[in-house]
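Me: I have a structure open here and don't know it yet. Can you walk me through it?
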Amino acid sequence: MLALLVDALVYGNLLALLSVGLSLTLLTTEVSNFAHGDFAVIGIYIAYTLSQVLNVTPYAFIPVAFAGGALVGLAVYFLVFDPLRDKASFVTLMIVSMALEFILRYSVQIYADVMQRLLKTFGRGFMFNDVRLALLGLHVDGVVVYSSITTLSLLVLLYVFLYRTKTGTAMRAAIENPQLAQTLGINVKKVYAYSWMLSAGFAAAAGVFLPFKIVVNPDTGFSLLLSMFAAVTVGGLGSLAGSLVGAYLISFSEIAATYFLSSLGLSTSYRALVSFLSIAVVLLLSPRGLAGLWSKR
């Protein structure tokens, strides 16, 4: 049972970073970004490449993965979504993000081939070797400690950025009313660019932890989409705090479902039903999700 709780905590940490980032772009640019999982894959391959070249633990490259993901997110915003701002409908933006998902995924496929040839290592189907750490008299996997510290640190920094800096205040104003914010002199375009940088950076940092638990390849990001959207929907579309709570609820529910299916001798692939049913039930019964419990809007 303890192992299940630990797995749920680690998965919850990853899902929290991914779903908060997804909510950020949904709040600012109203894009349901189907390419968000690919930002996590970019983080995986940045950490993997550097760890292979320098022979250092992938944990050392979490900041580099964050920065790399942030740069890709910035490029995606300026090259794809900024030109469409105020011109394309919600549905059009969603379809564009689906096309972007294919472009990023197959770009990583090409990179995996090049990497395999140049570094003489596996470009797909790899995992990271973890370390064991002593904590409060117990020996735990490093991914438990490092993913928790990274998630907590990034969420605290995001809170400080949003509520203790001028740029964060401008971002919240742009989220509430972009037209009014622009009238007041706020550079909305710049604020939106920051949101894409943070969103992709969070996803890339989360991606570094995935190979410590599962076998990964360039398609891994796509497989995370359902859980990410379930977390955001359960938490309440457009709520960062709700997405955070939703992430851990979906995480613990999926891990519990995996344990239950295994005990019955059934395939654990059915665990995806948890996320799918969560989305369906919330949208039918309480479209505002958990955020409706504390938000008056």
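Me: Let's start with the surface. How much area does the chain expose, and what share comes from carbon and sulfur atoms?
Reply: About 14700 Å² is exposed, and 69% of that is supplied by carbon and sulfur atoms. Keep in mind that this is a predicted model.

Me: What percentage of the residues is buried, then?
Reply: Of the 297 residues in the chain, 48% are buried.

Me: What are the dimensions along the principal axes?
Reply: The C-alpha trace spans about 55 × 45 × 40 Å.

Me: And why does the radius of gyration agree with a compact globule?
Reply: For 297 residues, a compact globule would have a radius near 19 Å, and the chain has 19 Å, so the two agree.

Me: Switching topic: how many helices and strands are there?
Reply: There are 11 helices and two strands.

Me: Where do the strands come in the order?
Reply: Starting at the N terminus, four helices come before the two strands, and the other helices follow.

Me: What about contacts between residues at least 6 apart in sequence: what share joins residues at least 24 apart?
Reply: That share is 73%.

Me: Charges next. How many are positive and how many negative?
Reply: The chain has 17 positive and 12 negative charges, and their mean positions lie 7 Å apart.

Me: Back to the prediction. What pLDDT does the chain average?
Reply: The average is 91, and 99% of the residues score at least 70.

Me: Which helix is lowest, and which is highest?
Reply: Confidence is lowest in helix α7, residues 178-183, with a mean of 83. Helix α2, residues 36-54, is highest at 97.

Notes. Residues are numbered from 1 along each chain as its sequence is written. This is a predicted model: local features need pLDDT of at least 70, side-chain atom pairs count only at pLDDT 80 or more; totals for chains, interfaces and linings use all residues. Side-chain values use heavy atoms; hydrogens and water are left out. The radius of gyration is taken over C-alpha atoms; the globule rule is 2.2 Å times the number of residues to the power 0.38. Buried means under 20% relative accessible area, exposed over 50%, partly exposed in between (1.4 Å probe, protein chains only). Contact means heavy atoms within 4.5 Å. Accessible areas come from the Shrake-Rupley method with a 1.4 Å probe; for residues, only the protein chains shown count as cover. Lys and Arg count as positive and Asp and Glu as negative; His and the chain ends are not counted. The place of a charge is taken as NZ of Lys, CZ of Arg, CG of Asp or CD of Glu. pLDDT is the predictor's confidence in each residue, from 0 to 100.
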